[in-house]
Amino acid sequence: MNNEMTLSFVAIEENEALARMTMTCFITPLDPTIEELSEFKTIVSEAVTNAIIHGYDCDGIRKVTIHGKIEDSKVTMTVSDEGNGIFDVDQAMEPMFTTKPLLERSGMGFTIMESFADNLSVESAIGQGTVVRFEKTFSPVTEKSRMR
Amino acid sequence: MTDIAITKNGIIVVALRGELGNHEANRIRTQISSEIFSGKVHGVIWDLTHLGFMDSSGIGLILGRMRDLAPQNGETLILNPSATMEKIFQFSGLGTVVRHCNVEKAIGEIGGVLHEQ
Ligand SMILES: Nc1ncnc2c1ncn2[C@@H]1O[C@H](COP(=O)(O)OP(=O)(O)OP(=O)(O)O)[C@@H](O)[C@H]1O
Ligand SMILES: [Mg+2]
C-alpha cells in the first residue's frame, strides 16, 4: 500500500499525544506487531517532543510539521521545526547529552530514536530549525499472519 | 491515570496507566515528589503493568525521583515494563532495577534489603 500525509500543529505539549495517535493510525494498515508499533510511536514522540520543547520552547505559536509516506512496508517520516536549531548535532546525539537538565530531560531521546529507527538523520542550523528524518520497515503482513 | 499508595513501612507504589510522555510526566512530577518529601520514604516502586506507552520522559521522571530519594538512600524498582520500555530502560542504565513480578514481591525485596542493613 502507498500513502502520504502531512500534519502541522502549534508547539504545545498537548499535541504530543495528537502526533502519537495520528501517526499510529497512519501506519495501522501495515498491520504492525505490538513491538513495531510501540517502537514507531516512541520515535514519533521523541522527535515531536524535542521540536516542541527544544525547537520552540513550547511557544504555542510556531508549528511543528510531520510528513509521512508509506511505500509498501516502509514508512519514511520527517519531523520539522523552524525553531532554535542544534548547535552541534553530533554532540546532541550522544547518550545523556541534554541542554535542559533542569526540565528533567535525560538526554536519551536521540539514542532511543536511533535504536528504534532505520537510517535516522538530523539536519539543523542555529536559528533556522531542525529536520529529523527516519525510515522504519515493517515485517510483511503475510509472514505475521502465518505466525499467528 | 496515576495511583499513588504508600505502605506502612514507607514504600511508595506508583501505578501508572495510559501513556507517559512529556506532558503526562510534567503533570505528575510534583505530586510524586511531594509524597517522597512528606515523610520517611525509603523506596519507590514504579508499577508499569498497565502503562501502554512511555518515552524518554519516563526516564527523566524516574531518574529525578531517584535523586529525590538519594538523601534517604532510598531504593527504586521498576515493575513489568513492556518489551519496548525495557529496551529504553536498558539504554539508560536502569535495566538493573527492572523486575517482572507483582507489587507484593517487590515490596518484599526492598523491605528485605533494608532488613539486612
Ligand atoms: N528540535 C530540536 N531543536 C533544538 N534542539 C534540539 C532539538 N532536538 C534536540 N535538540 C537538542 O539536542 C539535545 C539532545 O536531544 P535528546 O532528545 O537526545 O535529549 P533531551 O531531549 O535533552 O532529553 P530526553 O529526550 O531524554 O528527554 C537536546 O537537549 C537539545 O539541546
Ligand atoms: Mg528529547
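Axes here are lines fitted to C-alpha atoms, for helices over the stretch in contact, and angles run from 0 to 180 degrees between N-to-C directions. Helices (H or I, at least four residues) and strands (E, at least two) are DSSP runs, numbered from the N terminus.

Before you start clicking: this is a predicted model, in which local features need pLDDT of at least 70 and side-chain atom pairs count only at pLDDT 80 or more, while totals for chains, interfaces and linings use all residues. Residues are numbered from 1 along each chain as its sequence is written, chains are lettered from A and ligands numbered from 1 in the order in which they are written, and side-chain values use heavy atoms, with hydrogens and water left out.

**Stop 1: two helices of chain B**

Select residues 22-37 of chain B, helix α1, and then residues 56-69, helix α2. Their axes lie 10 Å apart at an angle of about 15°, which makes α1(B) roughly parallel to α2(B) (angles under 35 degrees count as roughly parallel, over 145 as roughly antiparallel, 65 to 115 as roughly perpendicular and the rest as oblique). Show side chains next: B:I28, B:I32 and B:F37 are among the α1(B) residues that meet α2(B), where the partners include B:L61 and B:L69. Contact means heavy atoms within 4.5 Å.

**Stop 2: the interface as a whole**

Now colour the two chains separately. Here 25 residues of chain B are in contact with 22 residues of chain A. The chains bury about 2,000 Å² between them, 47% of it on carbon and sulfur atoms; buried area is the accessible area (1.4 Å probe) that two parts lose on being put together, summed over both.

**Stop 3: helix α3 of chain B**

Select residues 83-91 of chain B, helix α3, together with residues 109-116 of chain A, helix α4. This pair packs at about 130° with axes 10 Å apart, and α4(A) and α3(B) are therefore oblique to each other. On the chain A side, look for A:I112, A:S115 and A:F116; on the chain B side, for B:T84, B:K87, B:I88 and B:F91.

Keep α3(B) selected and add α2(A): these two pack at about 50°, with their axes 9 Å apart. Here A:E35, A:S38, A:E39 and A:T42 of α2(A) touch B:A83, B:T84, B:K87 and B:I88 of α3(B).

**Stop 4: salt bridges**

A salt bridge is a side-chain nitrogen of Lys or Arg within 4 Å of a carboxyl oxygen of Asp or Glu. The count is seven between chain B and chain A, and 15 over all chains. To see one across the interface, pick B:E19 and A:K41, whose side chains meet at 2.6 Å, N to O.

Finish inside chain A with A:K100 and A:D57, a salt bridge at 3.3 Å, N to O. A:K100 lies in the loop between α3 and α4 and A:D57 in the loop between α2 and β2, so the pair ties together parts that are 43 residues apart in sequence.
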